[in-house]
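Please give a short orientation to this chain for someone who has not met it before. Describe how its helices are arranged and how its aromatic rings pair.

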Amino acid sequence: MPGEALRWGHRFNVLGFVVGPGSMIVSDGDDHARRRSSVKAAFSRRRLNGWIPVIVERTDAAIDRLTATSDGETNVDLYPVGRSLVLHIVVRAFFGDEMVDRVDEIGRLFQGPQDYL
């Protein structure tokens, strides 16, 4: 398999202190393949297509909030909007509706490591 020759762990090893030394993104070879196999089903085409309604719903809601609060002349920083949008979609897709109420808390927990990186 062509992907077996790729070595990515060393490029992302600076993330090891955040994600842990056993994370898929900082591993290579057999370790990477074993870790990847545990999440592979979550990223199947059928599963990804199932996320489309959530993506569209959350994106529409974000646009509606922006247009409702914008005067049309003020510049808007889209970074926090996009970050929140991605976080909501990922949490909902990975963990279900039960965790959506904790998205802001999760965002705060990730902010420190993100600022550091």
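The report below goes from the overall make-up of the chain to its helix contacts, then to one histidine and the aromatic pairs.

## Overall make-up

The model is predicted, and its chain has five helices and zero strands, so that reading along the sequence gives the pattern α-α-α-α-α. Of the 117 residues in the chain, 18% are buried. Among contacts with a separation of 6 or more, 35% join residues that are 24 or more positions apart.

## Helix contacts

Helix α3 and helix α4 pack with their axes 10 Å apart and at an angle of about 145°, and α3 passes α4 in a right-handed crossing. On the α3 side the contact is made by Arg-47, Trp-51, Val-54, Ile-55, Glu-57, Arg-58, Thr-59, Ala-62 and Leu-66, while α4 brings Leu-78, Val-81, Leu-85, His-88, Ile-89, Arg-92, Ala-93 and Phe-94. Sorted by class, the residues of this contact are 11 nonpolar, two polar and four charged.

Helix α4, which covers residues 78-95, also meets helix α5, which covers residues 103-116, and here the axes come within 10 Å and cross at roughly 120°. The two helices are therefore oblique to each other, and α4 passes α5 in a right-handed crossing. Tyr-79, Arg-83, Leu-87, His-88 and Val-91 of α4 make this contact with Val-103, Ile-106, Gly-107, Phe-110, Gln-111 and Gln-114 of α5. By class, the contact of α4 with α5 has six nonpolar, four polar and one charged residues.

## His-88

His-88 is found in helix α4, and this residue is listed both in the contact of α3 with α4 and in the contact of α4 with α5. Is His-88 buried or exposed? With a relative accessible area of 13%, His-88 is under the 20% cut-off and therefore counts as buried. Leaving aside residues up to four places away in sequence, His-88 touches Arg-58, Val-100 and Val-103. His-88 and Gly-107 are 19 residues apart in sequence, and their C-alpha atoms are 9.3 Å apart in space.

## Aromatic pairs

A search of the whole structure finds four aromatic pairs, and two of them are set out here.

| Pair | Distance between ring centres | Angle between planes | Kind |
|---|---|---|---|
| Phe-43 and Phe-94 | 5.7 Å | 85° | edge-to-face |
| Trp-51 and Phe-94 | 5.6 Å | 65° | edge-to-face |

The pair of Phe-43 and Phe-94 links distant parts of the chain, for Phe-43 lies in the loop between α2 (29-39) and α3 (45-69), whereas Phe-94 lies in helix α4, 51 residues apart. The pair of Trp-51 and Phe-94 joins helix α3 to helix α4, and so ties together parts that are 43 residues apart in sequence. Ring pairs link Phe-43, Trp-51, Phe-94 and Phe-95 into a cluster.

How do the residues of these two pairs stand in terms of accessibility, and which of them is buried? Trp-51 is buried, with a relative accessible area of 15%. Phe-43, at 41% relative accessibility, counts as partly exposed, and Phe-94 is partly exposed too, with a relative accessible area of 38%. Trp-51 and Phe-94 are also among the residues that make the contact of α3 with α4.

Technical notes. Residues numbered from 1 in each chain as written. Predicted model: local features only at pLDDT ≥ 70, side-chain atom pairs only at ≥ 80, totals over all residues. Heavy atoms only, no water. Axes fitted to C-alpha atoms, helices over the stretch in contact; angles between N-to-C directions. Helix = DSSP H or I, 4+ residues; strand = E, 2+ residues; numbered from the N terminus. Parallel < 35°, antiparallel > 145°, perpendicular 65-115°, else oblique. Left-handed = near helix turned anticlockwise from the far one by under 90°. Contact = heavy atoms within 4.5 Å. Nonpolar A, V, L, I, M, F, W, Y, C, P; charged D, E, K, R; others polar. Phe/Tyr/Trp six-rings, centres within 6.5 Å; stacked < 30°, edge-to-face > 60°. Buried < 20%, exposed > 50% of the residue type's maximum accessible area, 1.4 Å probe, protein only.
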